[in-house]
Amino acid sequence: MEMRIELTTATEQQLEIILTNQQVLLAALLFLTLCCTAWGIVRHRRQHWLKKATLLVLNTLAFTSVLTLIMPINLDKAEQISVNHLYTQGVSPAQLDRSLQAAPNDSHWLTQGLVEQWQQQQIPVKPVSSDGRLQQALVRDLSHWYWLNENSGPLVVHGHGFNQQQYQQANIDQIEHRPGAWQSVGFKKLQWPKQVYQGQSWTLSGQIQGHKQVSYDLQVTDPGGIIIAQLTGLSDQQSFSLQLPADVAGTTLYQLSLISGAVNGVKSAGADTRHQHVKPQTVGTEPFENVSRVEQLAVSVIEAPAMTVMIMQSAPSFETRHLKNLLQQQGHGVMVRTRISQDKYLLQYSNLGKSAIADSTLSADSKLLETEFLATIDVLLLDGRTLVELSNAERQSLFEAVNSGLGVIVMMDNSVTNGVLSQISGLAIANVEVTNKPVSANASELFFSLANGRQLAFLSHQANRLQFIAGETLIKNPAGQQVAMYAQQGEGRLTITSLNHSYQWQLSSNRDDYQRYWQYLLQTTARVRIESQFFPQSDDDFLSIHDGEPLCVFIKDSQSEGRDLASSPENYSLRATWITGDHLDIPLLKKQPHLPQYCGVIFPRQTGWMKVSLLHADEHIAGQWRYVYSSTDFIAYRNHKKQLASANINVDSEKGNAISMAKGSGDVNYQPLNKIWIWLSLILLIGYLWYERKKYLHP
């Protein structure tokens, strides 16, 4: 039998003791001998008690020495590990000095970003950089340090650290993160859509990072310098959310300002305070730079894709007249069929261009509800009476068209029944008892609430008495009753609305609400046509100069006539073009074998607006505008992202730091313990005990 005993000393050295049966027996005999010797000294020697105690101690030491010599004892001969310290942005001079004093024998490196931060804050850098305890080379990033460093010891990152991509590229096993004492005033957890449709609102949300004792004001201004949103009295770690308009198509740079100190009584023309929403939070942080921040928000406002809308009405109305004019102005194809008598119809159309509808022979007697014809329509709008007057065959054709992708909007009235609506939708319908609540005398204080967070001015109306059980509400009135909702059926959508007099917005001072209302309904309901297009940019990230950014596109092969999708990226490529005229070609690779999704990676060389185009044999297929930010933009946001990435790689305090982790993670290298000093001490002990015995026996 063999037994191994491993011990760890106070200096974290490991000892290994191996015991066999013979060694255990020999140790027992030695112990018995020690006991007999001790009994003889205590009972039979006629000496002073102090002399006896001295002899007992010396015999015990001799026993221990012999036991140590006969037992195999091995010592871990691990080499002394050198730890590297890398100081990034967020480290204060005092924090650096404490770290240097605590580990004077380790290697310490400064990053270029930290030096630049100190220079901006007018902190003398030369006395620090000339410190002999620091490495002379400045580190650009983690990969740069990896190539500069000559040893492979563990790494301690101080400050904000690096982003996730840099940690992955460096591929360093043993890293510990120690947060910095400084933070930057600004925004973190910032999100906003980089591409939005004209007429739609977009949401800007984030969190304030500032000083605990300072209140902040937030302002968003358009390129003309007009404040379009404002929040006051914000505190550190407080979240905010703003709904902002996108009324003008094109590339737009909004200015987001964070101002320290309250600004009272500031009211701006065009500011829409009803769209503002604040969520308070109470988490505190360490000291901050007490300065304001101004950032640029790049938003590409694009026109909604042109669609073909057919309106079928039982009689002329102001509602459809104004809607027709709006659609014509926006460039949409419009076709209106109006009943003018029992058996006669009036057919009007415009902006159809070279579509299949324009190429066909249209007349008031055309069968517009046949499946083949409805396949060319994106949105069909009917009033309630027209829906009721349709034949069963026409309703069935309409149901099949919805399943195939057609979007249908029904302007509800009292003539629409549960059965008729169920027949064209194939969905379960619920009857809701509607009680019109009295309206305040000051109706300007009331609003319709949209599902996207926007609000519309109040109009006299009647809430829907029919609802899709599996539908989703689009618009609610001030009483919380459903005014417009939609339901999915197959590949298409069916929307019902009880706002039959929305043209009153157009005739009043709320023309913007009229456009937003119809654009919201049409884009929610319209047929989705799959075309080659770019995937949208992430709301919580942005493109920075020299940073790698994936660009992904969905490619529909035009030669397949929509029956199949491109199987290879041959003859397809991406081209990034800056306003200076410089361009960069980007090759495409297929991301997944079973999907027509292709991606390329760009490393922007210039800041500012950049147009990315999908080309097929030099023919423009699709495009997207993106803005390239400088590395000095959104410092607080970038540092927060680095802190999150650094926290993910950090070792839990319960598991130890990088130093102890490195010492305990390597292979154990046991070697026999050097026992020369034990031999010398045993010789001296035996010699002295022999001398004492001789002296006792021959006084």
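**Exercise 1. Find how strand E30 is held in its sheet, and what lies on its free side.**

Begin with the pairing itself: E30 is joined by two bridges to strand E37 (residues 619-629), and the two strands run parallel. The model in which this is seen is a predicted one.

Next, look for a facing residue: Ser544 stands opposite Tyr629 in E37.

Then widen the view to the sheet, which is open, has five strands in the order E30-E37-E36-E32-E33, and is mixed in its pairing. Strand E30 (543-544) and strand E33 (583-586) stand at the edges with a single partner strand each, so one side of each is left without a neighbour in the sheet.

**Exercise 2. Describe the surroundings of strand E17: is it mostly covered, and which strands pair with it?**

Start with burial, for which the cut-off is under 20% relative accessible area. Six of the six residues of strand E17 (residues 308-313) are buried, and the strand is therefore mostly covered by this cut-off.

Now separate the two faces, remembering a general rule: in a regular strand the side chains alternate between the two faces of the sheet. In E17, Thr308, Met310 and Met312 are buried on one side, while Val309, Ile311 and Gln313 are buried on the other, and both faces are covered.

Turn to the partners of the strand. Six bridges join E17 to strand E18 (residues 333-339), with the two running parallel, and in this pairing Thr308 stands opposite Gly333. Between these strands the chain passes from E17 through helix H8 (residues 318-329) to E18, in a β-α-β crossover that is right-handed.

E17 also pairs with strand E20 (residues 379-383), again in the parallel sense, over four bridges; here Met310 stands opposite Leu380.

**Exercise 3. Follow the pairing from strand E23 through E26 to E27.**

Take E23 (residues 447-450) as the starting point: two bridges join this strand to E26 (residues 472-476), and the two run antiparallel. Within that pairing, Ser449 has Lys476 of E26 as its bridge partner.

Continue from E26 to strand E27 (residues 482-489), where the pairing is antiparallel and covers four bridges. Lys476 appears here too, standing opposite Gln482 in E27.

Finally, examine the turn: the hairpin of E26 and E27 has five residues between the strands, and Gly480 takes a positive phi near 85° in this hairpin.

**Exercise 4. Decide which cysteines form a disulfide, and why Cys35 and Cys36 do not bond to each other.**

Recall first that a disulfide is a covalent bond between the sulfur atoms of two cysteines. The structure holds one, and it joins Cys552 to Cys599, with an S to S distance of 2.0 Å.

Consider its geometry and place. The torsion about the S-S bond of Cys552 and Cys599 is about 105°, so this disulfide is right-handed. Cys552 lies in strand E31 (residues 549-554) and Cys599 in strand E35 (residues 597-602), so the pair ties together parts that are 47 residues apart in sequence. Both Cys552 and Cys599 are buried.

Compare this with Cys35, whose sulfur is 6.9 Å from the closest cysteine sulfur, in Cys36, which is too far for a bond. As for their accessibility, Cys35 is partly exposed with a relative accessible area of 35%, and Cys36 also counts as partly exposed, at 49% relative accessibility.

**Exercise 5. Classify the aromatic pair of Trp202 and Tyr254, and then locate other aromatic contacts.**

A search of the whole structure finds 18 aromatic pairs. For Trp202 and Tyr254, the centres are 5.2 Å apart and the planes stand at 50° to each other, and the pair is tilted. The pair links distant parts of the chain, with Trp202 in strand E10 (residues 202-209) and Tyr254 in strand E14 (residues 250-260), 52 residues apart. Both Trp202 and Tyr254 are buried.

Move on to a larger group: Trp192, Phe542, Trp609, Trp625, Tyr627, Tyr629, Phe634 and Tyr637 form one aromatic cluster. Over the ring of Trp192 sits the charged end of Lys194, 4.2 Å from the ring centre. Another ring with a charge over it is that of Tyr345, where the charged end of Arg337 lies 4.0 Å from the centre.

Definitions and conventions. Residues are numbered from 1 along each chain as its sequence is written. This is a predicted model: local features need pLDDT of at least 70, side-chain atom pairs count only at pLDDT 80 or more; totals for chains, interfaces and linings use all residues. Side-chain values use heavy atoms; hydrogens and water are left out. Rings of Phe, Tyr and Trp (its six-membered ring) pair if their centres lie within 6.5 Å; planes under 30 degrees apart count as stacked, over 60 as edge-to-face and the rest as tilted. Buried means under 20% relative accessible area, exposed over 50%, partly exposed in between (1.4 Å probe, protein chains only). A charge sits over a ring if NZ of Lys or CZ of Arg is within 6 Å of the ring centre and within 35 degrees of the ring normal. Two strands pair if DSSP finds at least two bridges between them. A crossover is right-handed if, with the strands pointing away from the viewer, the path from the first strand over the helix to the second runs clockwise. A disulfide is a pair of cysteine sulfur atoms within 2.5 Å.
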